[in-house]
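Colleague: I am new to this structure and should like to understand the reasoning behind its description. May we go through it together?

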Amino acid sequence: MDSSMPSTGDCLALYRSMQRIRAFENAAEAASQGGVSAYGQEAAGAAQVRGPLHLSTGQEAVPAGVCAHLQSSDLLTSTHRGHGHTLAKGADLTRMMCELFGKATGFNGGKGGSMHIADFSVGMLGANGVVAAGLPIAVGAAHAQKLQKKDAITVCFFGDGAINRGPFLESLNWARVYRLPVLFVCEDNRWSATTASGPMTAGEGASARAAAMDIEATQVDGNDVFAVHAAAGQLVEQVRGGSGPRLLHALTYRVKGHVSVDPASYRDPAELAAALDTDPIASARRRILAGDIATASQLAAIEGEALEEVQEALRIAAAAPWPDPGAAYTDVQSTGAGQWI
Ligand SMILES: Cc1ncc(C[n+]2csc(CCOP(=O)(O)OP(=O)(O)O)c2C)c(N)n1
């Protein structure tokens, strides 16, 4: 077996994790268009998911490889592109689909949608529509873990665009000064909405900025799930052991547009074509087969299970009840009184 690969069980678990994320997002995208999924299954009727979705297609190896090392007591903050983080952290796939459908059985009772999904029961503290806003939340959570002398750690996902915002600097500084148990994970997909990140970023990017604050950083091919798994394993172990913060800089690529309704006509088709050659699921499949770790039919079965699970989630979400109209007046804060209603 290729020595850079983990055990058979871990290889297949990573493959399954990526397939579940891909299947979920393909189905959610189809449901948002009222169309047909990439697999030919009908998402009946008009759009069942209202509003555009930020899809992480092509980036699945990063959450799969990192979250494989986490327990449900560990905490995680996410971004606007958070379906993969949420699933890899162990949140319920069907409840996430219900949330996208706006149904009462969703994680936020249908009020949050894709960009506000949270599941505290598995340590998923929330997606976040504000770029870089997850960083200070993660650092606060990690500070609480340290004060409470917990073994748990916090993982903080953010994009390459987020490193050009102030909260990145503030959060890394605070985490280093207090030696907090936090792993920062930069998912560098080379784009910040419609702007290429490279020309907008001074210096060498996330790893160099971490180094400037005395935070050890590792750069990894974020489309190689086995490399992400190995690198994240080392960093998680260090952070759990009391090293203080670490940063993982994962180089990947955003295959779809910024949102599901964005055709991304601003980018060079050759760039996309090159990126598709390094698709993390196809690459993992090739390596698993070449290493005789599993057969093609075993991998097909894993993919089939993921597709079935998602189809069942679509059925449940479609049949689930809408929130009671009265619920619109709950979970709101009276700004004058500072009280939750
Ligand atoms: C503070 C803030 N500024 C601008 C936006 C608009 N916006 C949403 S996503 C995005 C790009 C973020 O790029 P990156 O952090 O690399 O994440 P990616 O979308 O590539 O996953 C921008 C500018 C926002 N949501 N929040």
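Modeller: Certainly. The model is a predicted one. Of the 15 residues around the ligand, those that come nearest are His-80, Arg-81, Gly-129, Gly-161 and Trp-191.

Colleague: What makes a residue count as near the ligand?

Modeller: One of its heavy atoms must lie within 4 Å of the ligand.

Colleague: Which backbone atoms lie at polar-contact distance from the ligand?

Modeller: The cut-off for a pair of N or O atoms is 3.5 Å. A nitrogen atom of the ligand lies 2.8 Å from a backbone N or O atom of Gly-129, and a ligand nitrogen is 3.2 Å from a polar backbone atom of Val-131. For Gly-161, a backbone N or O atom is 2.7 Å from an oxygen atom of the ligand. Each of these pairs is therefore a polar contact. On its own the ligand has 570 Å² of accessible area, and the protein covers 71% of it.

Colleague: How is the shell around the ligand divided by class?

Modeller: It has 5 nonpolar, 7 polar and 3 charged residues.

Colleague: Why are α1 and α8 called roughly perpendicular?

Modeller: The axes of α1 (residues 8–33) and α8 (residues 225–240) cross at roughly 110° and come within 11 Å. Angles of 65 to 115 degrees count as roughly perpendicular, so α1 and α8 are described in that way. Their crossing is right-handed.

Colleague: Why, then, are α5 and α6 called roughly parallel?

Modeller: The axes of α5 (residues 134–147) and α6 (residues 166–177) come within 8 Å and cross at roughly 15°. The limit for roughly parallel is under 35 degrees, and α5 and α6 therefore qualify. The crossing of α5 and α6 is left-handed.

Methods. Residues numbered from 1 in each chain as written. Predicted model: local features only at pLDDT ≥ 70, side-chain atom pairs only at ≥ 80, totals over all residues. Heavy atoms only, no water. Polar contact = N/O pair within 3.5 Å; in protein donor to acceptor, adjacent residues only side chain to side chain. Areas by Shrake-Rupley, 256 points an atom, 1.4 Å probe, with all protein chains shown as cover. Nonpolar A, V, L, I, M, F, W, Y, C, P; charged D, E, K, R; others polar. Axes fitted to C-alpha atoms, helices over the stretch in contact; angles between N-to-C directions. Helix = DSSP H or I, 4+ residues; strand = E, 2+ residues; numbered from the N terminus. Parallel < 35°, antiparallel > 145°, perpendicular 65-115°, else oblique. Left-handed = near helix turned anticlockwise from the far one by under 90°.
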